[in-house]
There are 2 protein chains.
Amino acid sequence: MAQPLTPKQKEVLRFIACSVSVQKMSPTIREIGRHFGFSSTGTVRDHLRALAAKGYLARARKKARAIELADAACGIPIIGRIAAGSPLEANENIEGFLRPEEAAPLADDVFALRVQGDSMSGAGIVDGDIVIVRRQKQARQGDIVVALVGGEATVKTLRKQGSRMWLVPHNKKYRPLSCSGSTVIAGKVISVVRRYV
Amino acid sequence: MAQPLTPKQKEVLRFIACSVSVQKMSPTIREIGRHFGFSSTGTVRDHLRALAAKGYLARARKKARAIELADAACGIPIIGRIAAGSPLEANENIEGFLRPEEAAPLADDVFALRVQGDSMSGAGIVDGDIVIVRRQKQARQGDIVVALVGGEATVKTLRKQGSRMWLVPHNKKYRPLSCSGSTVIAGKVISVVRRYV
DNA sequence: TTGACTACCACACATTTGTGTGGTATGCTG
DNA sequence: CAGCATACCACACAAATGTGTGGTAGTCAA
């Protein structure tokens with residue numbers, strides 16, 4: 001899975017990853033060759049074969065621009081626990097890879113909401129954060145949901161007590177809301193993204 | 001920019017977006033045609049032309065699988081402020097689009113770190129969160145940084161007082177650390193991602 | 001009615017693109 | 001030394017793919 005690459009192979013993989021993120025499509029064999037000054041398509045194919053054999057990419061046969069990068073090549077390495085003394089660069093600490101689509105999953109029934117106010121600050125959701133919400137009418141006890149209360153959208157935790165439902169803030173300054181007939185659950189918060197300038 | 005689409009055009013755009021996210025490459029004209037049962041490539045081309053004219057995608061000429069989705073087609077709509085009474089589905093509330101790469105930017109000098117502990121809970125960074133870090137040795141006053149203190153990585157806010165530098169937690173349970181010679185700044189936190197099960 | 005836009009079809013054509021075959025040269029390892 | 005992997009070349013070929021031309025039919029507004 002994480003077999004070492006030769007410097008040349010690293011270069012080629014890096015070029016492919018850059019192409020994908022800039023042009024939003026994988027390069028063709030000839031585009032790769034042109035970039036490195038290769039005059040033969042066979043050369044590029046050999047490199048792709050080597051990279052595929054080492055698990056850094058997958059290729060669909062006979063298809064144009066069909067290089068698919070593995071997580072190790074296109075994801076951000078997630079470092080879990082740092083053993084005291086070991087450098088952050090060390091590979092052993094890599095717990096997995098965060099793929100862009102994982103952070104902001106694409107789907108038809110997903111939208112994002114910019115959070116206003118501090119009613120959920122106790123749960124780590126603060127003013128300006130973007131919450132990503134899957135549209136659904138139902139939710140379970142403990143889910144963080146977006147609810148429409150009198151036409152206003154709010155982010156709260158859902159609590160059930162018997163047949164009663166509550167929208168609970170995570171900030172002592174605010175009080176739980178009891179769900180009335182006009183309260184509608186718009187969706188469930190599946191992810192939070194915050195960007196710093 | 002946000003011109004309305006006909007139902008058929010929506011279908012086509014949706015199919016392309018799905019293909020891109022599943023197969024990680026845009027479909028060919030013939031793949032689109034096959035999916036919809038079109039027997040002519042010209043039909044698909046007409047649809048692509050219409051979608052391009054309305055700003056939902058861009059196409060590179062003569063290139064295979066070269067459909068590039070615009071933000072409106074591949075990003076998650078960010079809803080900023082909800083006017084009381086207006087439904088969440090309304091288009092007027094869309095403030096922008098969150099693209100996957102924006103949430104988890106791809107670059108050579110970026111890594112992610114799973115946060116342990118609650119020392120930054122006051123800043124909305126809680127246990128289990130993933131912080132995305134740009135590798136850099138320097139940082140400015142107020143930046144949230146990852147620092148190596150005695151071989152351990154910690155996330156703190158950087159404060160400067162004269163020539164003195166402090167690593168300040170956001171939780172009253174912990175005390176600021178004065179930066180000593182062995183303290184190294186590993187990078188700056190540029191984004192935080194949290195996923196709920 | 002005319003003109004637009006949408007939504008399709010058929011077919012031909014030129015490129016783009018991946019693949020296959022067969023080489024050369026270098027360096028490393030058993 | 002032979003065997004193997006890396007790192008390149010040249011050239012041919014078939015399949016994949018985007019494009020062009022010229023149609024038909026329906027809807028909708030001026």
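**Entry 1: the interface**

I began with the area hidden where the two chains meet: chain A and chain B bury about 5800 Å² between them, and 58% of it lies on carbon and sulfur atoms. I note at the outset that this is a predicted model. The size of an interface is often given as the accessible area lost when the parts come together. I then looked up the residues in contact and found 67 residues of chain A against 67 residues of chain B.

**Entry 2: charged and polar pairs**

How many salt bridges are there between chain A and chain B? I recorded six salt bridges between these two chains. For one example I took Glu31(B) and Lys63(A), whose closest N and O atoms are 3.9 Å apart. That pair qualifies because a salt bridge requires the side-chain nitrogen to be within 4 Å of the carboxyl oxygen. I also looked up polar contacts between chain A and chain B, and the count is 16 residue pairs, both residues being at pLDDT 80 or more.

Which strand of chain A gives the largest share of the side that touches chain B? I found that strand S11 (residues 184–195) of chain A does, with nine residues. I sorted the residues on that side of chain A by type, and they divide into 39 nonpolar, nine polar and 19 charged.

**Entry 3: strands that pair across the chains**

I followed S11(A) further and found it paired with strand S11 (residues 183–195) of chain B, in the antiparallel sense, over five bridges. Within this pairing, Ser191(A) has Arg195(B) as its bridge partner.

A further pairing between the chains involves strand S3 (residues 76–79) of chain A and strand S5 (residues 110–114) of chain B, which run parallel and share two bridges. Here I noted Ala112(B) as the bridge partner of Ile78(A). S3(A) also has a partner in its own chain: four bridges join S3(A) to strand S4 (residues 94–98) of chain A, and these two strands run antiparallel. In that pairing, Ile79(A) is matched with Ile94(A).

**Entry 4: how the two copies are related**

I laid chain A on chain B, and the RMSD is 0.3 Å after a turn of 180 degrees and a shift of 0.2 Å along the axis. That is the relation of a two-fold axis. I then asked which surface each copy uses. Since 100% of the interface residues of chain A are also interface residues in chain B, the copies meet through the same surface.

**Entry 5: two hairpins in chain B**

I turned to strand S7 (residues 144–149) of chain B and strand S8 (residues 152–161) of chain B, which pair antiparallel over six bridges. Ala147(B) has Thr154(B) as its bridge partner in S8(B). S7(B) and S8(B) form a hairpin with two residues between them, and Gly150(B) in the turn has a positive phi of about 60 degrees.

S8(B) also pairs with strand S9 (residues 164–168) of chain B, antiparallel and over five bridges. I noted that Leu158(B) stands opposite Leu167(B) in S9(B). S8(B) and S9(B) form a hairpin with two residues between them, and Gly162(B) in the turn has a positive phi of about 65 degrees.

Methods
Residues numbered from 1 in each chain as written. Chains lettered and ligands numbered in written order. Predicted model: local features only at pLDDT ≥ 70, side-chain atom pairs only at ≥ 80, totals over all residues. Heavy atoms only, no water. Contact = heavy atoms within 4.5 Å. Buried area = accessible area lost by both parts, 1.4 Å probe. Polar contact = N/O pair within 3.5 Å; in protein donor to acceptor, adjacent residues only side chain to side chain. Nonpolar A, V, L, I, M, F, W, Y, C, P; charged D, E, K, R; others polar. Pairing = 2+ DSSP bridges. Least-squares fit on C-alpha atoms with pLDDT ≥ 70 in both.
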